[in-house]
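Thanks for coming, everyone. I'll put the structure up and walk through it piece by piece.

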Amino acid sequence: MRNIKKALGLAMIAVVLSSCYPGRKYNSDTAVSPLSQKTSVQNGNIVYGLPRTVFNVVVEMKRTIEIPGPYSKYAGELLGLNNVIKNENEYWEITGLKVESLQEIDPSQLYIVEGTTAFETNALSLRNEGLIMNINPSDYYTSGNQEGVELNERSRFVSSDLGSDEYFMVQRDTAFKRVNVDSTFIRIPYIVEKRKQLPDEQLAERAARRLMEMRDGEHFILTGEANVFPQSEAVINEMNRLEREYTELFTGKTISEKRYYTVQVIPDLASSGKAVPLFNFSELTGPVADNKSGDPVLIELKPEKKTKELEILKSSIDQDDEDRTDMLYYRVPDVVSLKIHYGDEVLFNSRRLVYQFGEIVRLPSNFIIGK
């Protein structure tokens, strides 16, 4: 019995040593190969893809429109205001920028797993750990609400009250009509009233007078000289609102809004270390689609080559396991310095993980994470 146990032990050691021999050939029932090398996919095969990084750049902008008031040319004469809006203007500026990192399947990195026996691994589910992405397509879709305030285009000043107590005057003229009396025509006079709109100069003068009266009334209330005092601050607030509206009839109105502009960027090795135009921006018209106007907003991606040691290791492993077909391909992302700038101003500077700049290495197909 003791001799039998000794013989079995020697046989097991021989099997282990033979399996560690570096020149052996691997015979596996599982084969992993790029999908581009296959002309068809059989039932039961697994197709998976490696991830790639996509950046969603959300740019927050402020749009400002200056609209002159209808009485702007009388502001200096009637109210002594000189620094008023005389012409309609529009200005844009970039006020913020946000970069979102998303992952999706890289269509150039699809692989097929073929096997005739039970295939047991959990490596395909390691999406967040930087290995192979989940093959469930619903995991790659994200939704978000990007709201931009829409502003109605205005070519003139819009106000429900132009500040005047009257907007027209009545002109009375004497007209005559001919009446036949006993075969004789006589002229009978009658009064004709015509309404005529007041000219802008008179409307501006009336609005300026009401504005000054309103200011005097506020002054009397605040100094205690008024005969009647308001019972709440609502009256003062309403007076301030009217004063502001009447003043804008002379000084003009400034309207501001926020706008959002989203650009999607898929990094590639060809753009590594280069400043690539993201979009063109004009301070007069905002983002522009063509490259003929405005100045470019540039994005620059510089890999830090944190995975460069894997390239040497991968070459060594590939030489030792060049005949193995039971190895899963996976991708390790590299750290990239991401910078976005507009002219001399840096709008965004951060470090992100980018799969495209990392290395593709291989993992045993039956490898179980956590075992």
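Start with Pro-230. Setting aside neighbours within four places in sequence, Pro-230 touches Ile-221, Val-235 and Ile-236. Where does Pro-230 sit? Pro-230 is in the loop that joins helix 3, residues 200–223, to helix 4, residues 233–251. Its relative accessibility is 26%, so Pro-230 counts as partly exposed. One reminder before I go on: this is a predicted model.

Now the two helices on either side of that loop. Packed helices in general are described by the angle and the distance between their axes. Here the axes of helix 3 and helix 4 come within 10 Å. They cross at roughly 150 degrees. Angles over 145 degrees count as roughly antiparallel, and helix 3 and helix 4 are therefore roughly antiparallel to each other. The crossing of this pair is left-handed. Who makes the contact? From helix 3, the residues include Ala-204, Ala-207, Ala-208, Leu-211, Met-214 and Ile-221. There are charged names on that list too, among them Arg-210, Arg-215 and Glu-218. Helix 4 answers with residues including Ile-236, Met-239, Leu-242, Tyr-246 and Phe-250. Keep Ile-221 and Ile-236 in mind: both belong to this helix contact, and both also touch Pro-230.

Let's step back to the whole chain. The protein has five helices and eleven strands. It runs to 371 residues, and 33% of them count as buried. Take the contacts with a separation of 6 or more: 78% of them link residues 24 or more positions apart. The accessible surface comes to about 24,300 Å², with 49% of that belonging to carbon and sulfur atoms.

On to the cores. The largest nonpolar core has 24 residues. Those with the most contacts inside it are Val-57, Leu-97, Val-99, Leu-278, Phe-281, Val-297 and Ile-340. Which strands feed this core? Strands 2, 3, 6, 7, 9, 10 and 11 each supply at least two residues. Apart from it lies another core, of 18 residues. Tyr-74, Ala-75, Leu-249 and Phe-250 are among its members. So Phe-250 turns up twice: in this second core, and in the helix 3 and helix 4 contact.

Back to Phe-281 in the largest core. Again leaving out neighbours within four places, its contacts include Met-61, Trp-92, Ile-94, Pro-287, Val-288, Val-297 and Tyr-342. Glu-93 and Asp-295 are also on the list.

Next, two residues of strand 2. Val-54 is in that strand. Buried or exposed? Val-54 is buried, at 2% relative accessible area. Beyond its sequence neighbours, Val-54 contacts Glu-100, Ser-101, Leu-102, Glu-104, Gln-264, Val-265 and Ile-266. Val-54 and Tyr-355 are 301 residues apart in sequence, and their C-alpha atoms are 9.4 Å apart in space. Pro-51 is placed in strand 2 as well. Pro-51 is buried, with a relative accessible area of 0%. Pro-51 and Arg-331 are 280 residues apart in sequence, with 7.4 Å from C-alpha to C-alpha.

Last stop, Lys-305. Most residues other than glycine have a negative phi. Lys-305 is not a glycine, yet its phi is positive, at about 55 degrees. Lys-305 lies in the loop between strand 9 and helix 5, residues 308–320. Its relative accessible area is 56%. The cut-off for exposed is over 50%, so Lys-305 is exposed.

That's the tour. Questions, please.

Key:
Residues numbered from 1 in each chain as written. Predicted model: local features only at pLDDT ≥ 70, side-chain atom pairs only at ≥ 80, totals over all residues. Heavy atoms only, no water. Core = buried A, V, L, I, M, F, W, Y, C linked by side-chain atoms within 4.5 Å. Buried < 20%, exposed > 50% of the residue type's maximum accessible area, 1.4 Å probe, protein only. Helix = DSSP H or I, 4+ residues; strand = E, 2+ residues; numbered from the N terminus. Contact = heavy atoms within 4.5 Å. Areas by Shrake-Rupley, 256 points an atom, 1.4 Å probe, with all protein chains shown as cover. Axes fitted to C-alpha atoms, helices over the stretch in contact; angles between N-to-C directions. Parallel < 35°, antiparallel > 145°, perpendicular 65-115°, else oblique. Left-handed = near helix turned anticlockwise from the far one by under 90°.
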